[in-house]
Protein chains: 2
Amino acid sequence: MTSDAVPLPVVDAWWRAANYLSVGQIYLLDNPLLREPLTPADIKPRLLGHWGTTPALNLVWAHLNKLIVERSTNVVYIAGPGHGGPGVVANAWLDGTYSELFHHIPLDGTGMQRLFRQFSFPGGIPSHAAPETPGSINEGGELGYSLVHAYGAVLDNPSLLTACVIGDGEAETATLATSWHLNKFLNPATDGAVLPILNLNGYKIANPTLLARIPDDELEALFTGYGYSPRVVAGGFDGEDPMLVHERFAVALAQAFDDIAEIQDAARNGGSTARPKWPMIVLKTPKGWTGPKVVDGLPVENTWRAHQVPLATVRDNPEHLKQLDEWLKSYKPEELFDDEGRPVDLLDADRPRGDLRMSANPNANGGLLLRSLSLPPLGPHAVDLTAEGRGAVVEPTRQLGRWLRDLIAANPDNFRIFGPDEVASNRLDDVYDVTAKAWQGEVLPTDEHLAHEGKVIEVLSENLAQGLLEGYLLTGRHGLFTSYEAFIHIVDSMFNQYAKWLESSAHVEWRRPVASFTYLLSSHVWRQDHNGFSHQDPGFLDHVINKKASVVRVYLPPDANTLLVTAEHCLASRDYVNVIVAGKQPTATLLTLDEARVHGARGLSIWDWAGTEVQGEEPDVVVACAGDIPTVEAMAAVQILKHEVPDLKVRFINVVDLMRLQDSAEHPHGLDSDDFDALFTPDKPVVFAFHGYPSLIHRLTYRRTNHSNIHVRGFKEMGTTTTPFDMLMLNDLDRYRLVMDVVKRVPRLRAAYAELSQRMDGERSSHRAYTREHGEDAPDVVGSAGLPFDVESVGVADTGGDNEG
Amino acid sequence: MTSDAVPLPVVDAWWRAANYLSVGQIYLLDNPLLREPLTPADIKPRLLGHWGTTPALNLVWAHLNKLIVERSTNVVYIAGPGHGGPGVVANAWLDGTYSELFHHIPLDGTGMQRLFRQFSFPGGIPSHAAPETPGSINEGGELGYSLVHAYGAVLDNPSLLTACVIGDGEAETATLATSWHLNKFLNPATDGAVLPILNLNGYKIANPTLLARIPDDELEALFTGYGYSPRVVAGGFDGEDPMLVHERFAVALAQAFDDIAEIQDAARNGGSTARPKWPMIVLKTPKGWTGPKVVDGLPVENTWRAHQVPLATVRDNPEHLKQLDEWLKSYKPEELFDDEGRPVDLLDADRPRGDLRMSANPNANGGLLLRSLSLPPLGPHAVDLTAEGRGAVVEPTRQLGRWLRDLIAANPDNFRIFGPDEVASNRLDDVYDVTAKAWQGEVLPTDEHLAHEGKVIEVLSENLAQGLLEGYLLTGRHGLFTSYEAFIHIVDSMFNQYAKWLESSAHVEWRRPVASFTYLLSSHVWRQDHNGFSHQDPGFLDHVINKKASVVRVYLPPDANTLLVTAEHCLASRDYVNVIVAGKQPTATLLTLDEARVHGARGLSIWDWAGTEVQGEEPDVVVACAGDIPTVEAMAAVQILKHEVPDLKVRFINVVDLMRLQDSAEHPHGLDSDDFDALFTPDKPVVFAFHGYPSLIHRLTYRRTNHSNIHVRGFKEMGTTTTPFDMLMLNDLDRYRLVMDVVKRVPRLRAAYAELSQRMDGERSSHRAYTREHGEDAPDVVGSAGLPFDVESVGVADTGGDNEG
């Protein structure tokens, strides 16, 4: 299994070289090899970067190289303490990958000077591990997601090992603290392995860390309790010779690799089904190890003062300059780089070849490995309106679940569903016909759909579901995250960071497109029958559209067939974040599959059959809608209007792709101005029934000619545990209120407004009274009343007692 | 210490009564005491609620009652599995509190019927623990915040014990997983105690839970590793007699109370400074214990099928109706309630008196205990512009930190600061003159500002900082959460839930106002000098204003003196969420303290001295701004305009209270239409330099007369690690671009536009070139150039190398 061992002095040389290159990036504008005496002019004017975490990141990299060379293991390196950007970049340059990807930064003295200069420099590279960093799948800004990314990357990736360095600051974050439990979902037979290396350097920005100040027995108990087999390696304190630390860490790392191999062999060849106790390493080293010990009379190494730039005024303070010179020279650069500034041959022994270099591992540029999904036909799961009639009532997400079942069957190692215990609640449970929920723990006779190799991961943490899918996508696979609409805000910030990753990746030439991140939000604001105000929040859409138009897409399919078409489109797309909001409750199917395809492709259309306009004539009013429940209410409102004001010409527009509303200059999906005016008219009143907060529609349309005539109804933060129709009335989104809105805004109906609005108010009052008395909605709003086709039950049909969270 | 013991059969009777009342709430419209044969008409039409978690919540309540009666302990009960709403309400009714607070629900058969009917009924009460629930400080919708609320409640509350029941689903969430570490911040001498009771009933909605399927030795290792002394109590499985479980649980609970008393005594009287190993209990009971064992041939008790409503079709299915009847009668209601439906006297022995009842504990209605802050004078920390000149450069948050230091000194047990390791980075570290960071772990000689009784809590988890402050405020104290602007999105969802709590509380008559939740967001989007794109996101403001106008307030103080005034205002307020965005980098002070008071009170004002308008004449253009950096850029732009177009009449408006922009009909702080038109003119161009995403200003002003003339510049998602002025240019918010915006929009300047805009573009290009070459901003944008007062350095002054995250 192992070739000739890489000698530890070579590992040490690699480490010193990486440390030298890291310090150089933080400080030096020029004179990279110190061939001239160091002067203030060689120093950057703004000293930015984070030294504290870097030496340990470099240490781990150097040692992983040794094992990769010896064993040809397929390793992706994840730098949790992303502030250690200079370290990761330094190793990628030493690997040779950096120069291959960025030709202007060759592997010599010129390249080294440019490498140093560009770091945290205007027009250069960010100070953290980022999309620009070769070998990285983890942004190093917002902390806490390294371990969940590491686990996502190895699912269905049996040869891969992610070595995940976790900072002790990061380890305090919420997401990291629950990520340790992900070992319970990892199947040693068909997934790869994660080796967590918790680097306790003792400090975060300005404080000691929790885990660095508990005794070793608590530390070991904690990770034993999390289900790991922990090993603690400590070293480098009080000036200890690094060679002694190399010896200890090499043993621990090799042992961890051996243990992983043994676990995988037992599962793959020995038939073991026990949940393994995977190894993990706690590596205790001084913060800012090998940097200045004392600066201006204050201790720096092994304190929080080493977090960022230990010598802060090098340009102006000769003593600092002298210390920097000594610090850089302490790595003996003359032994590490030749006269041309190239890494010396000695380092070759610790450098893996080709794709085995961690900075070049194709798993960290997953688009290279991406295989397109095999998309099964939608037809078998479409609601057949020829046979069942327009308005056929189904649970939209259940239809989708059946298609997803076929999709999983057709893509057994390339697609996964992640959710916070809501896959069945969101009506996708038909997928369990062909797969199960991943589960390595104890299984009881009463359990259903649990298996080692299940393709669905359910864990009651939106953060974990989000992070796993990110890791899975970034390593070249496909997937879906399904969640309740309200609680998706839990991952607002993770979404932000992922969207920023995609925004930045688009400018990195060598990054290949990956499959889009698709959210399916169900159990939405209008149907929280079991739950209450806490479960009612449609604001994720507002959050999402703050990100660049080049990466975000928002869809509100009005029925099951449109949902199928939308999901197919999203899962085939690349490099986007798609958000689909769709109901799980029985709802009328409004479009045939073919109509849905056209509607989906258009993003919004006029539905002649739902409106009352006359071909060739201007409508009196536009009734627009987006979202399944608002669509039914808007249709019902038009039916009431048809009865009350027979000659009123209503144009009916349904919006499925929300970004169509924005101007084409703002979003690639946006309608241009003429098209928008043609659809929404330049001057007629528009009454818009919207799924979310009304302000979002105004925000998207404020540049439109007719904006001042757009009147939007939506969620206005009125919520409680009540019936579906009562929720609509509470928020003034019900059919009666929409009728009043229309009549109020059409000038020639002004005379009729008072009488009609009194009657509509009467309807509302009697509905409210009915609901308060009976505890359920009156049949005429549950049923098909007012809709232009004969269906048994439509729209806000009520079902009690099912399995919701 | 203990009075006569409450006999366990009485505890069991209480438990049965609470279970009976819980099932009744889920199912019964009428016939609450089953004095008539149960018929379908007695059953609610919509069966909503969650049974699975309820019996264990009731068990813990009954046992806590016993210990409170015996020891007079001051206990707040936190129901983490908030889905168990019926249980908490049942106990509050049995306590008598419910009837005292809701007079229409007396403690008799009539009250019982109303109690049952209102639950999850239109117009009634929510199905979860909520603000409407007596004794609750934890909303039971979005899971994961129980334990952090429990810890927040006991800080500086030495007599209080929070008994926190944690569900095993909830225990998988990110926030809960890191909350266990909060024991490291709890000072046994001056804080109260938290007793976590992890109830493992085995299942979440549709899956087993992680912690229920690991062996006891891992479970005990985990909690030992978290620093607790765990005890596992299991019982009730396979039909085990509940009395045996009562016996075991009573012993474990009493032991835990003893251990807590011993720990507190050792710290308070014995001088112990060791970090205690606080007790915690793992309580394993069957999900849906005492409910139907089998329904329709499938096992229900002790499976996920017991999560919600075990018998789903009681109205239509006679077998289900029969099972419900048997289930209700299994609790022997005739032994528990007298002929009038009142709880029998037997139960009195398990009922604490007065405020010791957990549902009546004043700590859970913190406004009852609220003492106003003693607010020290701002004067000593104001920048004296008489002496230093307008434009005196200071770090605004550092001035605030000095005032906060005085505030902490004046309110030693009533005010705390919480932050994710960013208090010093955000320049508030002068508070360490009078307090420290709470820390119970090991302290090394190199450490600074760590102490058992510190009033600052720093932990690298925004979730913990948020939750601790929520718990602290809801129990009647005051505080501040300071964080980086970009990462505050981590708590978007927690903010949502807290805002909803405040929105709902406003309608609960007996809830007393609590101190507002105040965010101080610094290290904002425009000054991420050390960091990059991942640290640049001003979108929290967009998120916040989706919540009801009655609870949210947003402030963007332009300088240090206005920041002081704003902070004072926010910390004195009640029942709001205040968001303050303020810079920490050296910035010009623009207003005297007196001017700042007036400006703060107005929320926005015309700054004559910064504009060029002529009294009594209409301005040509309005230049508006909000945020510290945009304010300086807007002022600089006006100075350029003054030079370039001397006769241009520019009105200069600065906005500190963002909600002033909204209409008075939408927000209580909103300007009415006439005032807005008077300030912003009905028809002149408005160029608005804004701190955040431009769409927010449009969203707030879209109803305004002059909206179509408002042109906004702000963050447009262009970011990287670069210099401050380069960031402004990247986003078209720099002074030169603002000048071009103005000139383009003033009709009479149209002829001059081409030439001027070419020059301005030239300025931008030369700045970019300078920055790319030198790695820092050119002196004329760092310094005072263009501002109407002589200062050494203003606005975007650059400081490198300081201690940022």
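**Group meeting: a sheet, a helix pair and a two-fold**

Okay, let's start in the sheet: in chain A, strand β3, residues 193-200, pairs with strand β5, residues 279-284, in the parallel sense, over four bridges. If you want a spot to put your cursor, try A:Ile197, which stands opposite A:Ile281 in β5(A). Before I go on, keep in mind that this is a predicted model.

Now zoom out a bit. Those two strands belong to an open sheet of five in chain A, ordered β1-β2-β3-β5-β4, with parallel pairing. So which strands stand at the edges? In chain A that's β1, 74-79, and β4, 229-234; each has a single partner strand, so one side of each is left without a neighbour in the sheet. Going from one strand to the next, the twist averages 20°.

What lies across this sheet? Helix α2 of chain A, residues 54-71, lies across β1, β2 (that's 160-167), β3 and β5. Its direction is at about 175° to β1(A).

Next up, the helix pair. Stay in chain A and find α6, residues 146-154, and α14, residues 462-474: their axes come within 7 Å and cross at roughly 50°. Angles from 35 to 65 degrees fall in the oblique class, and α6(A) and α14(A) are therefore oblique to each other. As for handedness, their crossing is right-handed.

Who's touching whom? On the α6(A) side you've got A:Val148, A:His149, A:Tyr151, A:Gly152 and A:Ala153. They meet A:Asn463, A:Leu464, A:Gly467, A:Leu468, A:Glu470, A:Gly471 and A:Tyr472 in α14(A). Sort that contact by class and you get six nonpolar, five polar and one charged residues.

Flip over to chain B and look at α6 (146-154) and α14 (462-474) there: they pack at an angle of about 50°, with their axes 7 Å apart. That makes α6(B) oblique to α14(B), and the crossing of α6(B) and α14(B) is right-handed. By class, the contact of α6(B) with α14(B) has six nonpolar, five polar and one charged residues.

Last thing, then: how do the chains relate? A turn of 180° and a shift of 0.0 Å along the axis lay chain B on chain A with an RMSD of 0.0 Å. That's the relation of a two-fold axis. And at the interface, 100% of the interface residues of chain B are also interface residues in chain A, so the copies meet through the same surface.

That's my tour, over to you.

Methods: Residues are numbered from 1 along each chain as its sequence is written. Chains are lettered from A and ligands numbered from 1 in the order in which they are written. This is a predicted model: local features need pLDDT of at least 70, side-chain atom pairs count only at pLDDT 80 or more; totals for chains, interfaces and linings use all residues. Side-chain values use heavy atoms; hydrogens and water are left out. Two strands pair if DSSP finds at least two bridges between them. Axes are lines fitted to C-alpha atoms, for helices over the stretch in contact, and angles run from 0 to 180 degrees between N-to-C directions. Contact means heavy atoms within 4.5 Å. Copies are superposed by least squares on the C-alpha atoms of residues with pLDDT of at least 70 in both. Angles under 35 degrees count as roughly parallel, over 145 as roughly antiparallel, 65 to 115 as roughly perpendicular and the rest as oblique. A crossing is left-handed if the near helix is turned anticlockwise from the far one by less than a right angle, and right-handed if clockwise. Ala, Val, Leu, Ile, Met, Phe, Trp, Tyr, Cys and Pro count as nonpolar, Asp, Glu, Lys and Arg as charged, and the others, Gly among them, as polar.
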